[in-house]
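Me: Hey, can you walk me through this one? I'd like to start with the chains and then look at some residue pairs.

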Amino acid sequence: VSLFASSLQTAIAAGAVIAIAGIGELLLERTGVMNLGIEGIISLGALGAVLMALSSSDPWVCLLAAIAVGVAAGGLFGLFAVVVRLDQVLVGLAIFLVGIGLTNQIGGPQGATQTGAEFGSVRIPGLPDIPEVGEALFDQPILVYVAYLVLPLVAAVILFRTRHGIKLRAIGENPAAADAAGISVMRIRFAYCLVAGGLAAAAGAYLMLSFTPSFSQDPGGGRGWIALAAVIFAAWRPWRLAAASLFFGAMVAVGFVAEAENWNIPSVVFSMLPYMATLALMVLFVLRLKLARRELRQVAPAALAVAYFREER
Amino acid sequence: MHIGVLAPLVVAAVVAFLFTRTAWGYEVGMIGDNARAATAAGMPTRRRIVSAMLLSGAVAGITGMITMTGTLGSFSEDVAARNGLYGFIVVALAGAGGPVAILVVSFLVAILLNSGVALSTEGVSADTVIAIYGFILLLSGLGELATRYRLRVVRPRARGAPPPTRTRDVPAGEVSA
């Protein structure tokens with residue numbers, strides 16, 4: 001396996017986590033709700049998958065357990081942020097702390113043990129034989145295909161090809177108008193809190209069941225924060241999110257290449273790289289918007305992170 | 001105790017002075033409330049935002065310096081721990097109250113987070129404390145919300161009596177997004 005092929009493999013595998021968690025967050029933000037706690041929910045999902053793996057070697061069962069945990073965490077977020085309508089930033093950070101704290105506390109004894117259940121890779125017949133890129137593109141665990149193809153497709157169809165998608169986006173742009181049109185703002189926002197929680201936890205489960213199949217402290221490893229940035233960078237569009245995720249994966253892969261090639265650069269530089277690249281990309285993105293005479297806030301859902309009180313209409 | 005514990009008091013005093021006694025602070029506050037109105041009033045919005053960023057960066061830098069020279073006594077990779085994040089949360093909780101409220105809430109949060117050390121002998125780890133902190137945040141938000149409502153005793157009315165004139169359950173203008 002050449003260095004290029006293995007780093008492409010790493011990029012795709014590392015980006016999938018961000019794509020899975022990011023699609024959920026993207027849908028949620030399109031309804032005008034921002035969950036800063038997805039890093040914590042990713043951790044909880046990883047924990048759920050690892051604990052389930054103690055009693056079941058079926059990765060699908062572990063994935064389902066993780067999703068159940070994530071939906072519960074998303075529900076907790078939704079209860080406080082959407083139903084009670086506390087400040088979304090505060091609730092998100094609280095969920096992050098709860099998630100990280102519980103994960104490290106309960107998962108502590110599982111430290112560094114191998115996850116019992118793992119997703120095998122699915123070979124698409126014939127294609128993996130393509131030199132260099134074949135293995136990385138067509139011989140991956142099933143969740144990778146889901147992350148880059150199925151989820152963005154489903155999200156794009158929901159958002160832009162269905163009546164429900166119009167309602168969803170209307171809530172994110174102008175909840176008062178959507179409410180007046182008879183759309184239940186709270187119900188749809190809460191539903192997507194559950195979706196985002198479930199997908200964030202699925203991303204955590206993917207980490208444990210396929211990417212690095214052993215538990216460690218802070219299993220999310222900051223990927224939740226990158227997913228949040230990726231959603232902005234993708235301008236709240238699903239396919240762009242998939243591309244952005246792959247880019248962040250590539251930044252992670254650069255670190256691996258540097259290690260393999262013994263580049264004379266401190267490894268901390270490469271740990272910083274995904275974050276520095278995020279900053280650089282955000283600057284480029286906003287500059288590009290400026291060229292088109294647009295502001296970031298015109299691209300973002302107008303009601304993002306604003307609680308909706310019917311009484312204030 | 002090291003002399004660094006006085007730094008928060010000094011910083012809070014300086015910030016309070018800036019925001020209540022200088023044109024710069026007034027303009028920054030105004031931009032935060034309504035950037036468009038501030039621009040329309042001729043304030044250099046961008047300059048003020050960037051200078052506020054520079055100032056906050058400087059203050060954050062002081063934090064790291066004090067932690068290293070005072071509390072830890074040596075440099076470590078993890079000198080920040082999650083203090084930046086906790087600071088962010090303190091602002092989300094108490095920012096509206098100004099520097100004094102932030103000092104008080106920071107102190108309370110510090111007690112809570114450091115209680116993990118004392119509690120660890122009871123089998124409660126620092127991780128549990130972090131989780132509890134998260135729950136406390138959620139519930140404190142709930143408590144703050146509850147202060148905006150009041151309970152009212154509604155007397156059961158006799159059959160056929162006219163409905164009572166409705167008073168607002170929520171005092172006008174006190175619920176904010």
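Me: So how much area do chain A and chain B bury between them?

Reply: About 2,100 Å², and 77% of that is on carbon and sulfur atoms. Keep in mind that this is a predicted model.

Me: Ok, and which residues in chain A lose the most area to chain B?

Reply: Those are Leu90(A), Leu97(A) and Gln105(A). Together they make up 26% of what the chain A side buries.

Me: How many residues does each chain bring to the contact?

Reply: Chain A brings 24 residues, and chain B brings 24 as well.

Me: Any charges or polar stuff across there? Like, how many salt bridges between chain A and chain B?

Reply: Zero salt bridges between those two chains. For polar contacts, the count between chain A and chain B is one residue pair, with both residues at pLDDT 80 or more.

Me: Which elements of chain A give two or more residues to the side touching chain B?

Reply: That would be α3 (59-83) and α4 (88-107) of chain A. The largest share comes from α4(A), with 13 residues.

Me: And what's that side like by class?

Reply: On the side of chain A that touches chain B, you get 17 nonpolar residues, four polar ones and three charged ones.

Me: New topic. How many salt bridges does the structure hold over all chains?

Reply: Two. In one of them, Arg310(A) pairs with Asp179(A), and their closest N and O atoms are 2.7 Å apart.

Me: Where do those two sit in the chain?

Reply: They link distant parts of it, 131 residues apart. Asp179(A) is in helix α8 (residues 175-180) of chain A, while Arg310(A) is in the segment after α13 (296-299).

Me: Why would side chains like that pair up at all?

Reply: Side chains of opposite charge can pair when their charged atoms come close.

Me: Is Arg310(A) buried or exposed? And Asp179(A), buried or exposed?

Reply: Arg310(A) is exposed, because its relative accessible area is 52% and the cut-off for exposed is over 50%. Asp179(A) has just 10%, so it counts as buried.

Me: What about the salt bridge with Glu27(B), which residue is its partner?

Reply: Arg48(B), again with the closest N and O atoms 2.7 Å apart. Glu27(B) sits in helix α2 (residues 23-33) of chain B and Arg48(B) in helix α4 (residues 45-72) of chain B. They're 21 residues apart, and the pair links distant parts of the chain.

Me: Last one: is Glu27(B) buried or exposed?

Reply: Glu27(B) is buried, with a relative accessible area of 16%.

How values were computed. Residues numbered from 1 in each chain as written. Chains lettered and ligands numbered in written order. Predicted model: local features only at pLDDT ≥ 70, side-chain atom pairs only at ≥ 80, totals over all residues. Heavy atoms only, no water. Contact = heavy atoms within 4.5 Å. Buried area = accessible area lost by both parts, 1.4 Å probe. Salt bridge = Lys/Arg side-chain N within 4 Å of Asp/Glu carboxyl O. Polar contact = N/O pair within 3.5 Å; in protein donor to acceptor, adjacent residues only side chain to side chain. Helix = DSSP H or I, 4+ residues; strand = E, 2+ residues; numbered from the N terminus. Nonpolar A, V, L, I, M, F, W, Y, C, P; charged D, E, K, R; others polar. Buried < 20%, exposed > 50% of the residue type's maximum accessible area, 1.4 Å probe, protein only.
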